[in-house]
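Please look through the sequence and the model below before reading on. The paragraphs that follow take up aromatic rings, a charged side chain, empty space and the backbone in turn.

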Amino acid sequence: MNMAAAVTLQRNVVSQTGKHTASVIFLHGSGDTGPGLLRWVCDVFGQNLAFENIRMIYPTASARPYTPMKGAQSHVWFDRHKISQDCPEHLESIDSMCSNLSAIVQDEIRAGIPKHRMIIGGFSMGGAMALHMACRYHQDVAGVFALSSFLNKDSVVYQAVESSAQRPLPELFQCHGAADELVFHSWGEETNALLKKAGLNTYFHSFPDLNHQLCRQELELLRSWILKKLPL
């Protein structure tokens, strides 16, 4: 990864209330921003996801041309040929963003937080980006979460997990709405099953009437899982 070419990403932070001993990087979905996701979480949850010891970081993807929107500029982590499981990944844009996001990981390390005290996750495209980060470049983080997300069928992530010498690999916490009409529930299920088969320890929670969105119960489960992985 060429760290020299990293673009500094804007980020919004919800600080810990006590001593900083862990960090979570939460990546927004396509077309959203860090502040947008932070507001959305707050609206759905009734308050910020805030912790005594954990810093919550909400980065914003820089605007770039996005092929599914006919090349219009959008805040996306990477480009896609189309929103489908059955096409190749746009690895060039994925890898260059992994380099940008790795600069945030390095900043946390400089602040005294080891990688085994970090979690990377996201909503929708942010969850796919988090899987590339945690399963390919930062396999020593404590966990990865993906909400309403999927990986392409031939994703290099599966290969990376299968061939990794790192054990244990980060645990995966995944949630998906059964009524999702943008990223089908079956895509999320298949992603989870393939990652499990490749060697990840995974959780998968389904929400019967949930479309492509967040819900309070899901954020409560996420909060409990974060506290389990990053205890005081």
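The count of aromatic pairs in this predicted model comes to seven. One of them joins F145 and W225 in an edge-to-face arrangement, with 6.4 Å from centre to centre and 80° between the planes. The two partners belong to distant parts of the chain, 80 residues apart: F145 is in strand β7 (residues 143–147), while W225 is in helix α6 (residues 216–229). How accessible are these two residues? F145 has a relative accessibility of 0% and therefore counts as buried. W225 is also buried, since its relative accessible area is 4%.

A second pair is formed by F184 and W187, whose ring centres are 5.1 Å apart; because their planes stand at 90°, this pair is edge-to-face. Here the partners fall into separate classes of accessibility. F184, at 39% relative accessibility, counts as partly exposed, whereas W187, with 12%, is buried. Such descriptions rest on two quantities, as a pair of aromatic rings is described by the distance of the centres and the angle of the planes.

Which residues form one aromatic cluster? The members are F26, Y58, F145, F173 and W225. The pair of F145 and W225 discussed above thus has both of its residues in this cluster. An aromatic ring may also face a charge: the charged end of R216 sits over the ring of F45, at 5.3 Å from the centre of that ring.

Another arginine, R136, may now be considered. R136 is located in helix α3, which covers residues 125–137. Is R136 buried or partly exposed? Its relative accessible area is 23%, and because buried residues must be under 20%, R136 is classed as partly exposed. The side chain of R136 makes a polar contact of 2.9 Å with the side chain of D95, and a polar contact of 3.0 Å joins R136 to the side chain of H132. When neighbours within four places in sequence are set aside, the residues in contact with R136 are L91, I94, D95, L131, V156, V157 and A160. A further relation concerns V161, which is 25 residues from R136 in sequence and 7.4 Å from R136 in space, C-alpha to C-alpha.

The next topic is empty space inside the model. Rolling a probe the size of a water molecule over the atoms shows where empty space is left. How many cavities of 30 Å³ or more are there? The count comes to one. The largest cavity has a volume of about 70 Å³. Its lining consists of 13 residues, and those nearest its centre are F78, R80, E89, I94 and N152. I94 has appeared before, among the contacts of R136.

Three serines complete the account, and two of them concern the backbone. Most residues other than glycine have a negative phi. S124 has a positive phi near 55°, and S148 has a positive phi of about 55°. S124 is placed in the loop between β6 (118–123) and α3, and S148 in the loop between β7 and α4. S124 is buried, with a relative accessible area of 10%, and S148 counts as buried at 0%. The third serine, S164, is found in the loop between α4 (156–162) and β8 (171–177). At 13% relative accessibility, S164 counts as buried. Leaving aside neighbours within four places in sequence, S164 is in contact with Q139 and L169.

Methods
Residues numbered from 1 in each chain as written. Heavy atoms only, no water. Helix = DSSP H or I, 4+ residues; strand = E, 2+ residues; numbered from the N terminus. Buried < 20%, exposed > 50% of the residue type's maximum accessible area, 1.4 Å probe, protein only. Contact = heavy atoms within 4.5 Å. Polar contact = N/O pair within 3.5 Å; in protein donor to acceptor, adjacent residues only side chain to side chain. Phe/Tyr/Trp six-rings, centres within 6.5 Å; stacked < 30°, edge-to-face > 60°. Lys NZ or Arg CZ within 6 Å of the ring centre and 35° of its normal. 1 Å grid on protein atoms, 1.4 Å probe; cavity = no way out; pocket = protein on both sides within 12 Å on 5 of 7 lines; lining within 4 Å. Points joined across faces, edges and corners; volume = space filled by probe spheres on them.
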